Amino acid sequence: MNILIIGGAGYIGSHVTREFLDLEHNCTVYDNLSSGLRENLFPEASFIHGDIHDYPHLLQTMKTGSFDALIHLAASKAAGESMIYPEKYSRNNIAGTINIINAASEAEIKRIVFSSSAAVYGEPQYLPIDEKHPAVPENYYGFTKLEIERILSWYEKLKGIRFGCLRYFNAAGYDVKGRIKGLEQNPANLIPIIMETACGKRNELQIFGDDYDTPDGTCIRDYIHVSDLAIGHTMTFDYICKNDKSLIINLGSETGSSVKEVLDTARKITEKPILSKIAGRRAGDPAKLTASAALARELIGWQARYSDMETLIKTSWIAYNGE
Ligand code: UFG
């Protein structure tokens, strides 16, 4: 099938593209390379250098490609930054995505897989979080994702678009076969920051709070391997094709790891000291977040396979250390 992957040169996008290519789909990557990297492009996929804000170009691309589906992963994703620069998030994540959905509608592309986020839930009212949990985002980034989910639901009713919204928990790791080499620039997430510290690019890791109500006092998150996420996209695409239905599902490992546990595993695997110091709490961090992935299991038969902490850290270390 012909798949358009918008944001396919990015961290998650390149893994998703790899997975669709492995299943022998024809892939076209559309990316403005603002955070995506040329080295993440694969020779088997076509590449179009384009911007989601350029509606005529987007529409022309969609109209000429005979695409069976589009996967949309082009977004800004730093929750903290979204609270300081909401304009950037309105523009990239809402206005840019509306362009994509409108162009898809005009070009008669009826299937969309959208990168959503566990950030739509906000402060957890119970754990593990399932899809019935109230969606009350605590940051503007989460709001932008929820807004698009709602717009997609309207376009389903009004224009017959079928969509898959994938609510990622904490994406981490690198391709389990080591085929993706492009490293995220200025990462804001825990595991890449630990990797940069292990490599000597940073002096130390700041642990944002050790006085939370968790066994070791540091926050617990559900880390999900990016290769598992990528598989979730192809399985969602299959589901939409076979059932002609939309879905909204969590993609998470259903296990929680604390910041200290992640750091300990990283020290063991990298054999580097990885200096750390306890810093103050970061605003808006819930103590604990874990996913229920029961609905993903039930609907698309998906289950995390590579998301144990050792694999997450080992694959990251190979990408960062080149082993
Ligand atoms: N952390 C540190 N030091 C750092 C960076 C992070 O201690 O330098 C801690 C955070 O306080 C948090 C944990 O590590 O407890 C994970 O933080 P991340 O910034 O890696 O990830 P978040 O849980 O804040 O958010 C991530 C994505 C969001 C997504 C969310 C879903 O960045 O986009 O997971 O669970 F919505």
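Is Glu 138 buried, partly exposed or exposed? Glu 138 counts as partly exposed, at a relative accessibility of 47%. The legends below treat this residue and several others in a predicted model.

**Figure 1. Overall view of the predicted chain.** The secondary structure consists of ten helices and 13 strands. The radius of gyration is 19 Å, which agrees with the value near 20 Å that a compact globule of 323 residues would have. Along the principal axes, the C-alpha trace extends over about 55 × 40 × 40 Å. Buried residues make up 54% of the 323 in the chain. Of the contacts between residues at least 6 apart in sequence, 76% connect residues at least 24 apart. The exposed area is about 14,200 Å², with carbon and sulfur atoms supplying 49% of it. Side chains with a positive charge number 34 and those with a negative charge 41, and the centres of these two sets are 2 Å apart.

**Figure 2. Surroundings of Glu 138 in the loop between S5 and H5.** The residue shown is partly exposed, since its relative accessibility of 47% falls between the limits of 20% for buried and 50% for exposed. Leaving aside residues up to four places away in sequence, Glu 138 touches Met 83, Ala 119, Gly 122 and Glu 123. One of these partners, Gly 122, is separated from Glu 138 by 16 residues in sequence and by 4.7 Å from C-alpha to C-alpha.

**Figure 3. The cis peptide bond between Leu 127 and Pro 128.** Omega for the bond from Leu 127 to Pro 128 is near -10°. Pro 128 is placed in the loop that runs between strand S5 (111–117) and H5. Glu 138, the subject of the preceding view, also lies in the loop between S5 and H5.

**Figure 4. The aromatic pair of Tyr 89 and Tyr 141.** The count of aromatic pairs comes to five. In the pair shown, the ring centres of Tyr 89 and Tyr 141 are 6.4 Å apart and the ring planes meet at 90°, so the arrangement is edge-to-face. Tyr 89 belongs to helix H4 (residues 86–106) and Tyr 141 to helix H5 (residues 140–159); the pair therefore ties together parts 52 residues apart in sequence. Tyr 89 and Tyr 141 are both buried.

**Figure 5. A cluster of three tyrosine rings.** Ring pairs join Tyr 11, Tyr 174 and Tyr 320 into this cluster.

**Figure 6. Met 235 in helix H7 and its contacts.** Helix H7, which holds Met 235, covers residues 226–243. Met 235 has a relative accessibility of 24% and so counts as partly exposed. Apart from residues up to four places away in sequence, Met 235 touches Ile 300, Gly 301 and Trp 302. The C-alpha atom of Leu 299 lies 9.6 Å from that of Met 235, although 64 residues separate the two along the chain.

**Figure 7. Two loop residues other than glycine with positive phi, Glu 24 and Ile 274.** Phi is near 65° in Glu 24 and near 45° in Ile 274. Glu 24 is situated in the loop between helix H1 (11–22) and strand S2 (26–31). Ile 274 occupies the loop between helix H8 (259–270) and strand S13 (276–279). With a relative accessible area of 68%, Glu 24 is exposed, whereas Ile 274 is buried, with a relative accessible area of 3%.

**Figure 8. Phe 47 in strand S3 and its contacts.** Strand S3 comprises residues 46–49, with Phe 47 among them. The relative accessible area of Phe 47 is 25%, so this residue is partly exposed. Not counting residues up to four places away in sequence, Phe 47 touches Val 29, Asp 31, Leu 33, Arg 38 and Leu 41. Tyr 121, which is 74 residues from Phe 47 in sequence, has its C-alpha atom 34 Å from that of Phe 47.

How values were computed. Residues numbered from 1 in each chain as written. Predicted model: local features only at pLDDT ≥ 70, side-chain atom pairs only at ≥ 80, totals over all residues. Heavy atoms only, no water. Helix = DSSP H or I, 4+ residues; strand = E, 2+ residues; numbered from the N terminus. Rg over C-alpha atoms; globule rule 2.2 N^0.38 Å. Buried < 20%, exposed > 50% of the residue type's maximum accessible area, 1.4 Å probe, protein only. Contact = heavy atoms within 4.5 Å. Areas by Shrake-Rupley, 256 points an atom, 1.4 Å probe, with all protein chains shown as cover. Lys, Arg positive; Asp, Glu negative; His and termini not counted. Charge placed at Lys NZ, Arg CZ, Asp CG, Glu CD. Phe/Tyr/Trp six-rings, centres within 6.5 Å; stacked < 30°, edge-to-face > 60°.
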